[in-house]
Amino acid sequence: MTKKAWVRRIVVGTLTVVLASCSGNGSGATDAGVTDDNGARTDSGNGVPQKCVVDQPFPYLDSPYPGIHGNMGNNERIACEGPVTAPTPGWSRLVDRMIFNPMTVGTDRIYAVVIRTQGCKLWTVSLVDGEEACFPKGDPEMLSMGVLGSSPELDQDGNVYVTDGWMDRPDGVFSFDHDGNLRWHRTFEGLRQQEPDTYGPPLGLHFTADGDVATVAPDGLVVVLAREADAPNNGIRGSFDIVHQTNLRPLKPGQDTAPAGDLPPYLGCRMQQVFGEELSVDMMRAALSGGTGGSGAYTDNTIAASGDLLFVVGGGPDHGDGFAENGALVAIRTKPEKQGLDMELAWYMQTNGPTGSSPTVSPDGRWVVVSDVTAEGRARIVTADVKACEAAEGKAAPACAPAWTYVLEGGPLLAHLSIDEDGVVYAWNQGADPKAPDLVAVSPPDAQHKEAWLKWGASFPSPRPVELPSTDWTSTVLVLDNSVVGTVTHAKYMEAADMGLPVPIAIRAEHELVGVRRSDGKVLWRNVPMPDAAINSPTLGPDGNIYVPIFGFIDFAALPDNPLSQDCADASGAYQGGVVQFVVK
């Protein structure tokens with residue numbers, strides 16, 4: 001795969017999504033009629049809700065984990081109370097750097113990968129005083145551009161793990177100790193039946209239930225590694241090459257891409273100012289012309305783990321030309337052996353066309369949910385029943401039919417869904433009719449409902465509907481005991497054709513952090529002003545505060561005063577990246 005194609009995937013692979021979305025910015029935090037039945041835990045004295053403090057010895061294995069997508073199942077479910085009154089903005093750090101992927105919150109600091117082509121790409125921010133520091137120590141170029149596709153993970157000893165791999169540097173995983181010293185670097189060389197012409201990075205990793213490190217490369221190579229520095233076999237516990245060991249194939253390159261127009265000069269200037277000189281305008285144009293899920297890679301998503309199963313999303317059955325026409329949720333079973341792990345295909349569930357959704361596993365391991373798109377262009381929730389699919393294992397065709405589906409009112413969701421212990425899925429109506437709810441909770445079939453049903457919908461009316469007529473939910477959904485938390489954008493967009501782009505450009509936009517009661521969708525609080533999160537993942541820290549990584553591409557791409565100027569000095573805009581803290585009282 002070419003360098004241009006890899007930059008399209010890891011640097012701005014979701015820009016099509018982000019630019020098609022919006023986030024909101026209120027003028028002052030408000031509480032929306034909080035009552036005694038908000039579900040929050042109270043202390044034994046006066047009934048005042050307690051501040052949420054995550055009860056954990058250290059992330060992650062046997063405790064709630066306030067980091068990437070909530071836990072190894074990607075379900076965003078953190079078992080503690082959320083704020084029932086509006087939090088207040090605290091500090092902002094790394095403000096001139098974009099954070100493309102979810103960040104990880106440890107007991108004492110945040111770990112975040114920023115988009116830079118040169119210099120330090122992995123940073124820490126202290127939870128005590130907000131101090132910023134490059135990580136790891138020593139050589140800031142130790143990690144290549146391939147780390148831009150990674151989200152750091154922490155084990156219970158404070159060790160850090162990130163994926164990497166770029167062009168002629170083989171893909172693999174780095175591990176550092178808490179102080180930033182290199183523990184090990186393990187590559188995937190020799191694990192494939194055929195080595196690729198160029199390497200692209202695995203886009204995320206998780207720990208398994210046994211504490212191993214699991215990841216998947218873009219060509220469908222799934223690898224499990226030991227965490228220990230002195231593990232045998234170079235730490236490789238097992239691997240499974242999906243494309244060469246099954247009939248599942250990559251999606252055809254460019255399957256869902258659109259012709260690229262000319263990139264406006266101001267956007268090219270901003271790209272090179274923020275990301276670095278190596279990121280050319282041609283690379284950015286390639287990125288804007290295609291969406292995730294159809295880039296030709298096997299997987300564009302974070303792996304998930306539950307029990308002895310690993311879940312990835314990628315291509316489906318061979319269409320007869322060596323490529324897949326549709327995507328698939330793929331389940332891989334791991335079996336311990338004396339020398340490592342035996343890994344095999346358990347089953348797969350086909351999706352309708354490609355999907356940009358990472359697999360999401362319910363906390364009890366019963367459901368796995370992704371999203372795809374109907375023939376009419378509407379987003380669809382697609383759910384597998386793990387037990388039912390396991391019952392079909394061993395048959396000639398390991399395909400498993402969806403247990404239930406639900407068609408949303410909006411367009412494609414190129415971010416993953418959340419699911420709770422009751423099987424309720426939290427999704428949003430992207431670009432839908434203004435009368436449709438912005439955020440929805442969808443319940444699985446039960447004794448009263450033969451099909452999946454809408455439990456509730458929540459709306460966030462624009463504070464200024466004339467100036468900011470478009471409203472969208474723009475983050476993943478953080479699911480807490482009593483509430484869900486995320487970001488909303490209100491904006492006014494130009495028509496895409498006006499700038500020669502396949503995506504809309506904001507004329508102006510405002511963004512807000514909001515909290516919604518889980519039981520009935522009542523808006524608990526909103527209008528907490530914030531920068532543009534743009535499809536990223538809010539999370540809780542061990543201090544009980546909310547932390548939001550800022551990708552910010554809506555604001556980044558917003559029009560300057562003179563958008564057609566060729567002078568980069570005219571390209572300045574109201575952009576903020578980095579990490580924002582929201583203090584919970």
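## A tour that starts at a strand pair

Select strand β8 (residues 160-166) along with strand β9 (residues 169-176): the two run antiparallel and six bridges join them. Keep in mind as you click around that this is a predicted model. For a spot to zoom in on, pick Thr163, which has Val173 of β9 standing opposite.

Now widen the selection to the rest of that sheet. Which strands make it up, and in what order? You're looking at an open sheet of four strands, running β7-β8-β9-β10, with antiparallel pairing. Its edge strands are β7 (153-154) and β10 (182-187), each of which pairs on one side only. If you want a reminder of what holds such an arrangement together, strands of a sheet pair through backbone hydrogen bonds, either parallel or antiparallel.

**Step back for the whole view**

Zoom out and colour by secondary structure. How many helices and strands should you see? The protein has seven helices and 34 strands. Of its 585 residues, 62% are buried. Turn on the surface and you have about 20700 Å² of accessible area, with 48% of that belonging to carbon and sulfur atoms. As for contacts between residues at least 6 apart in sequence, 63% join residues at least 24 apart.

**From Glu153 over to Gly106**

Next, select Gly106 and Glu153 and draw a distance between their C-alpha atoms: you should get 9.1 Å, although the two are 47 residues apart in sequence. Gly106 sits in the loop between β3 (104-105) and β4 (109-113). Is Gly106 buried or exposed? Its relative accessibility is 1%, so Gly106 counts as buried.

**The two disulfides**

Show the cysteines as sticks and look for bonded sulfurs; there are two disulfides in the structure. Go to Cys120 and Cys134 to begin with, where the sulfur atoms are 2.1 Å apart. This pair links distant parts of the chain, 14 residues apart: Cys120 is in the loop between β4 and β5 (122-126), while Cys134 belongs to strand β6 (residues 132-134). Look down the S-S bond of Cys120 and Cys134 and you'll find a torsion of about 105°, so this disulfide is right-handed. The two ends differ in cover: Cys120 has 12% relative accessibility and therefore counts as buried, whereas Cys134, at 31%, counts as partly exposed.

Then jump to Cys389 and Cys400, joined by a disulfide with an S to S distance of 2.0 Å. Here, too, distant parts of the chain are linked, 11 residues apart: Cys389 lies in helix α6 (residues 386-391) and Cys400 in the loop between α6 and β22 (404-407). Which hand does the disulfide of Cys389 and Cys400 have? The torsion about its S-S bond is about -85°, so it is left-handed. Both Cys389 and Cys400 are buried.

While the cysteines are still on display, click Cys80. With 3% relative accessibility, Cys80 counts as buried.

**A second open sheet**

Select β2, β34, β33 and β32. In that order, these four strands form an open sheet with antiparallel pairing. The edges are β2 (88-93) and β32 (539-540); each has a single partner strand, so one side of each is left without a neighbour in the sheet. To see one pairing up close, show β2 with strand β34 (residues 578-583), which run antiparallel and are joined by four bridges. Where does Arg93 find its bridge partner in β34? Look at Val579.

**Asn536 and its surroundings**

Now pick Asn536, in the loop between β31 (523-529) and β32. At 2% relative accessibility, Asn536 counts as buried. Show its side chain and follow it to the backbone oxygen of Ile99, which it reaches at 2.8 Å. What else is in contact with Asn536? Leaving aside neighbours within four places in sequence, its contacts include Ile99, Phe100, Asn101 and Pro102, and also Thr474, Ser475 and Thr476, with Pro549 and Phe551 completing the set.

**Last stop: helix α4**

Finish by selecting helix α4 (residues 265-275). Eight of its 11 residues are buried, which leaves the helix mostly covered. Turn on side chains for the buried ones: Tyr266, Leu267, Gly268, Cys269, Arg270, Met271, Val274 and Phe275. Then click on Gly276, just after α4, where phi is positive at about 120°.

Notes: Residues are numbered from 1 along each chain as its sequence is written. This is a predicted model: local features need pLDDT of at least 70, side-chain atom pairs count only at pLDDT 80 or more; totals for chains, interfaces and linings use all residues. Side-chain values use heavy atoms; hydrogens and water are left out. Buried means under 20% relative accessible area, exposed over 50%, partly exposed in between (1.4 Å probe, protein chains only). Contact means heavy atoms within 4.5 Å. Accessible areas come from the Shrake-Rupley method with a 1.4 Å probe; for residues, only the protein chains shown count as cover. Two strands pair if DSSP finds at least two bridges between them. A disulfide is a pair of cysteine sulfur atoms within 2.5 Å. A polar contact is a pair of N or O atoms within 3.5 Å; within protein, one must be able to donate a hydrogen and the other to accept it, and residues adjacent in sequence count only if both atoms are side-chain atoms.
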